[in-house]
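Trainee: Could you pick one part of this model and go through it closely with me? I'd like to start from a single residue and work outwards.

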Amino acid sequence: MQITFLGASHGVPEANRRCSCTLIETNGRYYFIDMGVNAIDALRTRGIEVEDVKGIFITHVHGDHTNGLISFVDLISWYFKTADPEICLPNLEGVEAIRAWLKANHCEMRDLRFKKVTDGTIFDDGYLKVTAIPTQHCPDSHAFFVEAEGKAVLFTGDLKHPNVDFPKIAKEKPTEFIICEAAHFPATDYAPVLAACPTKQVLVNHYAPWNIPNVMQLAETLAPLPVKFVNDGMQVTL
């Protein structure tokens, strides 16, 4: 399983960081966690067929996590017509919003497989399994526990605060990585909960510039557990 971070910024793009978007590959099949960037542009740049995208999982519908989804649905509606991913959205009102936007641009959205994210297992194609855990960042926000090839990774998504809605599953099941956001509270607040998790490494994603010193302090506090910043284009192989 390989994870590529296409966007690692917080709510707005930075000079060298775009908004949240992560690509997962396993057995020649591709999946997205959030889509805050033009995903098809990223796929074409990497020589990946759009038809090989099998699932898209949105943690919540804020624009910095979904703005790329409109262009994705646009292009698979009229050009990449054999693409057939399952698109998991926290709120299916977004489907009609995308349909209306495409109609305003004289494009009809074709029939696609949209699914509402609910608590529990939302996707399992025999290659990748995704379990959704509710969080309190906003209505209908979720973290995702992702399993493939006998390994597991937790994407916290945006949280209200680690003391409030950090996913308990990370304390109960071993993970290769825990991928945390660092835009909405001091990153040092993660220390107690992460110290209790059986994980091999912490990756800090979706971080705001003001929080960088706190992430560095978090790394010192959790040592020898590795804590690393995520940068755009970064790849990790499990």
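Mentor: C88 is buried, because its relative accessible area is 0% and buried means under 20% (over 50% is exposed, partly exposed is in between, with a 1.4 Å probe and protein chains only). Keep in mind that this is a predicted model, where local features need pLDDT of at least 70 and side-chain atom pairs count only at pLDDT 80 or more, while totals for chains, interfaces and linings use all residues. Residues are numbered from 1 along each chain as its sequence is written, and side-chain values use heavy atoms, with hydrogens and water left out.

So does C88 pair up with anything? A search of the whole structure turns up zero disulfides, a disulfide being a pair of cysteine sulfur atoms within 2.5 Å. C88 is in no disulfide, and the nearest cysteine sulfur, that of C21, sits 15 Å away. C107 also counts as buried, at 11% relative accessibility.

Now step out to the core. The largest nonpolar core (buried Ala, Val, Leu, Ile, Met, Phe, Trp, Tyr and Cys residues joined through side-chain atoms within 4.5 Å) has 31 residues, and F32, I56, F72 and V73 have the most contacts inside it. At least two residues of this core come from each of β2, β3, α1 (39–45), β4 (53–57), α2 (63–78), β5 (86–89) and α3 (93–104). Those element names are DSSP runs numbered from the N terminus: helices are H or I with at least four residues, strands are E with at least two. Take F32 as an example: leaving out residues up to four places away in sequence, F32 touches L6, C21, T22, L23, A39, L43, V53, G55, I56 and F57, where contact means heavy atoms within 4.5 Å. So that C21 from the disulfide search turns up again, this time as a contact of F32.

Two of the core's helices also shape the largest pocket: α2 and α3 each supply at least two residues of its lining. A pocket is an open set of points on a 1 Å grid over the protein atoms alone, with protein on both sides within 12 Å along at least five of seven lines; a cavity is a set where a 1.4 Å probe fits but cannot get out, and lining residues have an atom within 4 Å of a point. The pocket holds about 160 Å³, with grid points joined across faces, edges and corners and the volume being the space filled by probe spheres set on the points. Its lining is V61, T66, N67, L69, I70, L89, G94, A97 and I98. The largest share, four residues, comes from α2. By class there are six nonpolar, three polar and no charged residues; Asp, Glu, Lys and Arg count as charged, Ala, Val, Leu, Ile, Met, Phe, Trp, Tyr, Cys and Pro as nonpolar, and the others, Gly among them, as polar.

L89 in that lining leads on to K116, in strand β6 (residues 113–116). Not counting residues up to four places away in sequence, K116 touches L89, P90, N91, L92 and D140. K116 is partly exposed, with a relative accessible area of 37%. Its contact D140 is partly exposed too, at 35%, and lies in the loop between β8 (129–134) and β9 (142–148). D140 has a positive phi of about 65° although it is not a glycine. E149, in the loop between β9 and β10 (151–155), has a positive phi as well, about 55°, and is not a glycine either. Most residues other than glycine have a negative phi, and most peptide bonds are trans. The peptide bond from A223 to P224 is cis, with omega near 15°.

Last, the enclosed space. Under the cavity rule there is one cavity of 30 Å³ or more, and about 140 Å³ of space lies in the largest cavity. It is lined by 16 residues, with S20, D34, F155, G157 and N205 nearest its centre. β2 (21–26), β3 (29–35), β11 (177–182) and β12 (202–207) are the elements giving two or more residues to that lining, and β11 has the largest share, three residues. The cavity lining splits into five nonpolar, eight polar and three charged residues.
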